[in-house]
Amino acid sequence: MRYSSWVLNRLRMGQSSMASVTVRRSDQSSNEVQTIVAEKTIQKLLDALDDTDCRAILDATSEEALSASEISEAHDLPLSTTYRKLDRLTEAGLLEERTCIRRSGKHTSEYIRSVDDVVISLGPREEMEVQVLRGKSPEQTGSPVSILGD
């Protein structure tokens, strides 16, 4: 197993036999809990959470959907790097991609955080379990496609 040293070090700091790390959103309205035990899926999630830029993107997209350009400008990242980070977060299941259709015919992808909490637990033999809590904020209950006038 190749788990992020950042996460493992924080898990080992716990006093009990089952230490945990939690990434929380301030307003909790969890509707769905998904438990992940597949090593590859856990690794993708941990790699995304271990990345400073990815964590900043998750924070920026917690309340509203943003385009890659908006994220790039807000965090002073090159657009190519922003797209790589967005792909990583989307593949890890932490971001949802939406299509914004404009009447002009120009379509834009927007991204919004799709999780409220990520709870990572480490058992006594360093077996790992991840619980992803997905809630529905008002922004997230809409369609994955929106139509805007120009």
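Start the tour at Glu96, which is partly exposed, with a relative accessible area of 25%; here buried means under 20% relative accessible area, exposed over 50%, and partly exposed in between, with a 1.4 Å probe and protein chains only. The model on screen is predicted, so that local features need pLDDT of at least 70 and side-chain atom pairs count only at pLDDT 80 or more, while totals for chains, interfaces and linings use all residues. Residues are numbered from 1 along each chain as its sequence is written, and side-chain values use heavy atoms, with hydrogens and water left out.

Next, add Arg98 to the selection: Arg98 forms a salt bridge with Glu96, and the closest N and O atoms are 3.2 Å apart, where a salt bridge is a side-chain nitrogen of Lys or Arg within 4 Å of a carboxyl oxygen of Asp or Glu. Arg98 counts as buried, at 7% relative accessibility.

The structure holds 3 salt bridges. To see others, select Asp51, which is buried with a relative accessible area of 13%, and then Lys85, whose salt bridge with Asp51 has its closest N and O atoms 2.5 Å apart. Because Lys85 lies in helix 5 (residues 79–91) and Asp51 in the loop between helix 2 and helix 3 (52–60), this pair ties together parts that are 34 residues apart in sequence; helices are DSSP runs of H or I with at least four residues, numbered from the N terminus. Lys85 is itself buried, at a relative accessible area of 15%.

Keep Asp51 selected and add Arg88, since the side chains of Arg88 and Asp51 also meet in a salt bridge, at 3.2 Å from N to O. Arg88 lies in helix 5 as well, so this pair ties together parts that are 37 residues apart in sequence. Arg88, at 34% relative accessibility, counts as partly exposed.

Move now to helix 2 (residues 39–50), whose 12 residues should span 16 Å at 1.5 Å a residue, in agreement with the 16 Å between its end C-alpha atoms; the expected span is 1.5 Å times one less than the number of residues. Within helix 2, the buried residues are Ile42, Gln43, Leu45, Leu46, Asp47, Ala48 and Leu49.

Finish at Glu70, found in helix 4 (residues 68–75) and partly exposed, with a relative accessible area of 40%. Extend the selection to Glu63, Glu64 and Glu73, which gather with Glu70 in a patch of negative charge on the surface; such patches are made of residues with over 30% relative accessible area and no salt bridge, like charges being joined within 9 Å.

Definitions and conventions:
Patches are made of residues with over 30% relative accessible area and no salt bridge: like charges are joined within 9 Å, nonpolar side chains (Val, Leu, Ile, Met, Phe, Trp, Tyr) within 5 Å. Accessible areas come from the Shrake-Rupley method with a 1.4 Å probe; for residues, only the protein chains shown count as cover. Lys and Arg count as positive and Asp and Glu as negative; His and the chain ends are not counted. The place of a charge is taken as NZ of Lys, CZ of Arg, CG of Asp or CD of Glu. Helices (H or I, at least four residues) and strands (E, at least two) are DSSP runs, numbered from the N terminus.
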